[in-house]
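Colleague: Please choose one position in the interior of this model and take a close look at it. From there, follow the contacts outward and describe the surrounding parts in order.

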Amino acid sequence: MHSKKQAPLKYYVGIDVGSASVRAALVDEFGTVVAHADQPIQIWEPQPDHYEQSSADIWAACCLVTKKVVCGVDASWIRGVGFDATCSLVVVDKQFQPLAVNCEGQNYRNVIMWMDHRAVSQVERINATQHRVLSYVGGVMSVEMQPPKLLWIKENLQESCWEKAGYFFDLPDFLSWKATGVTARSLCTVVCKWTYTSDGGWDDSFWKMIGLEDLVKDKYEKIGNHVLSPGESVGKGLTPEAAKDLGLPAGIAVAASLIDAHAGGLGVIGADVKGYNLPCENEPITSRVAMICGTSSCHMGVSETPIFVPGVWGPYFSAMVPGLWLNEGGQSATGKLIDHVVRGHVAFPELQSKAAASAHSIYTYLNSHLDLIKKSLPVGFLTVDLHVWPDFHGNRSPLTDLTLKGMVVGLTLSRGLDELALIYLATIQAIALGTRHILETMQAAGHHINTLFLCGGLSKNPLFVQMHADITGKPVVLSKEVESVLVGAAILGACASGDFVSIQEAMAKMGKVGRVVQPNHEHKRFYDKKYEVFLKLVEHQREYRSIMNSF
């Protein structure tokens, strides 16, 4: 829906493709979201750890939401379009038609999702090479990156997919191609997920060593040999066909894209914090970490010189903020984990009906219920005997161990709403303790971080935000616009249009502080003890595995 205030003369469209939905926003030159819309997209899970999508379904959703947000707006006011998306792998043939990434031969399912873990054996072999490019991904490549997925396709779908493939796109780059007809890739995607380096380009020896020498032969045409910086204008803007699909005029500037988490980082990390009494005021942007919290969570920190952090991706030059090195920590399942724990509990139907009766979301209701049962204690102290290790989908950072499992210590025979609320709280705390683990690893390697900037779906949950402040001991800044990822995508469009000199200028003007959440320092001792238990949990899990491996 549109606000009624007088329209400024410059608008930008940000389009964000998340895991389960596509969203678009019309954003003005001051970073205000004037209109937004969303549309679900389909996910197929043909077998465990295989997650697939359809690029046609995704593009159709992009068109639908964009038409909604620009409806009734004078097209001459819309200056640029920016896309961000999950780092999923899109496969098309030489005529750009979708190719099946599955044994069933379903061509419309031509996207291997970012969270797909089918290529475990392939990534183990890639990591065993200890090739020099791995030093830029924390020393160990993740199964969620593209080289292992490409190797899986070659080894499992050689005739039906690998040999017929014309192009392998990261999803953000597929979208800019669809909009402009230009196959240029974004520095963000190829550096962060494909092993490209901004100074050296592709490393032939890596691709040959892992068995993908075919990609070298055609001068990397299939994976990209024309690379642009995020926010740079692609081609001649929107093609007439894409313009018609999106409901926009042909020729509007289209920006080189970003991965969704990086767009979120762009939308929050550069905000002007003067007057909020924050430790990062008058300090460089390198004192900040942007946390993008949705299905999974990403922790984005920038530095002026490269910092190699064990178990944390990067350093990636200019992958988010031009001219700065990016390190990216992450947790593979956060929003997904909270949903899993809550919806799988025996008391979930009771929660659902009570939340519906009170006209609240299930999480607002759970937060209220925790306030009821805490009595005189701080709410976080309710979990003194209940501890969770959150790696139900393996550990991305800082341990880079896919084989780690989730753990819960302190269960009883109770089955009611109180117990559901407690396990929900303990899970949120575990995610925040995981963030502390990542931040401490980054700081030990040379980062100096004093403030967290949160965005994404989970940042709307006040309990999640407060626990991150209390457990890390750092203030949390929430942006004025909840949809920071969409603002980040719009910032790209603004840069492509030429209306801003640089991404930094656009970030400072379009990113706005909304609310600051301070940590409760008097709770520090309790959370230090929780953190001690947290680290013991993984130590014990590894001990248990060692015992069972000797069987």
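Modeller: Q429 is buried, with a relative accessible area of 0%; the model in which this value was computed is a predicted one. The residue belongs to helix α14, which spans residues 417-445. When neighbours within four places in sequence are set aside, the contacts of Q429 are with G380, T383, M467, I471, Y527 and K530.

Helix α14 leads on to helix α11. The buried residues of α11 pack against α14, and also against α12 (348-357), α13 (362-373) and α15 (462-472). Helix α11 itself covers residues 335-343, and its buried residues are G335, L337, I338, V341 and V342. Viewed down the axis of α11, these buried residues fall within an arc of 160 degrees, so they line one face of the helix. An α-helix has 3.6 residues a turn, so residues three or four places apart point the same way.

Helix α11 also takes part in the largest pocket. Four residues of the lining come from α11, the largest share. The pocket has a volume of about 1,100 Å³ and is lined by 45 residues, with C293, G294, T295, G456 and G457 nearest its centre. Besides α11, the elements that each supply at least two lining residues are β2 (21-28), α10 (260-268), β13 (288-293), β14 (297-303), α13 and α16.

Two of these elements, α10 and β13, are joined by a loop in which L278 is found. L278 counts as buried because its relative accessibility is 6%, under the 20% limit. The residue touches V273, T451, P475, V477 and V516, not counting residues up to four places away in sequence. The C-alpha atoms of L278 and V476 are separated by 9.5 Å, although the two residues lie 198 places apart along the chain.

Helix α16 leads to the nonpolar interior. The largest nonpolar core has 91 residues, and V91, L150, I153, F168, W207, I223 and Y316 have the most contacts inside it. Helix α16 (residues 484-497) gives the largest share of this core, nine residues. W207 touches P147, L150, W194, T195, W202, L212, E213, L215, V216, Y220 and I223, again leaving out residues up to four places away in sequence. Apart from this core lies another, of 63 residues, among them V342, A355, L366 and L420; V342 is also one of the buried residues of α11. In soluble globular proteins, nonpolar side chains tend to be buried together.

As for enclosed space, there are five cavities of 30 Å³ or more. The largest cavity has a volume of about 120 Å³. Its lining comprises 13 residues, of which Y136, V191, Y196, T197 and P315 lie nearest the centre. Strand β15 (residues 313-317) gives the most to this lining, with three residues.

The cysteines remain. The structure holds zero disulfides. The sulfur of C71 is too far for a bond, because the closest cysteine sulfur, in C63, is 15 Å away. C188 is likewise in no disulfide, the nearest cysteine sulfur, that of C192, being 4.5 Å away; a disulfide would require the sulfur atoms to be within 2.5 Å. The surroundings of C71 and C188 stand in contrast: C71 is exposed, at a relative accessible area of 53%, whereas C188 is buried, at 0%.

Key. Residues are numbered from 1 along each chain as its sequence is written. This is a predicted model: local features need pLDDT of at least 70, side-chain atom pairs count only at pLDDT 80 or more; totals for chains, interfaces and linings use all residues. Side-chain values use heavy atoms; hydrogens and water are left out. Buried means under 20% relative accessible area, exposed over 50%, partly exposed in between (1.4 Å probe, protein chains only). A nonpolar core is a set of buried Ala, Val, Leu, Ile, Met, Phe, Trp, Tyr and Cys residues joined through side-chain atoms within 4.5 Å. Contact means heavy atoms within 4.5 Å. The arc is that of the directions from the helix axis to the C-beta atoms. On a 1 Å grid over the protein atoms alone, a cavity is a set of points where a 1.4 Å probe fits but cannot get out, and a pocket is an open set with protein on both sides within 12 Å along at least five of seven lines; lining residues have an atom within 4 Å of a point. Grid points are joined across faces, edges and corners, and a volume is the space filled by probe spheres set on the points.
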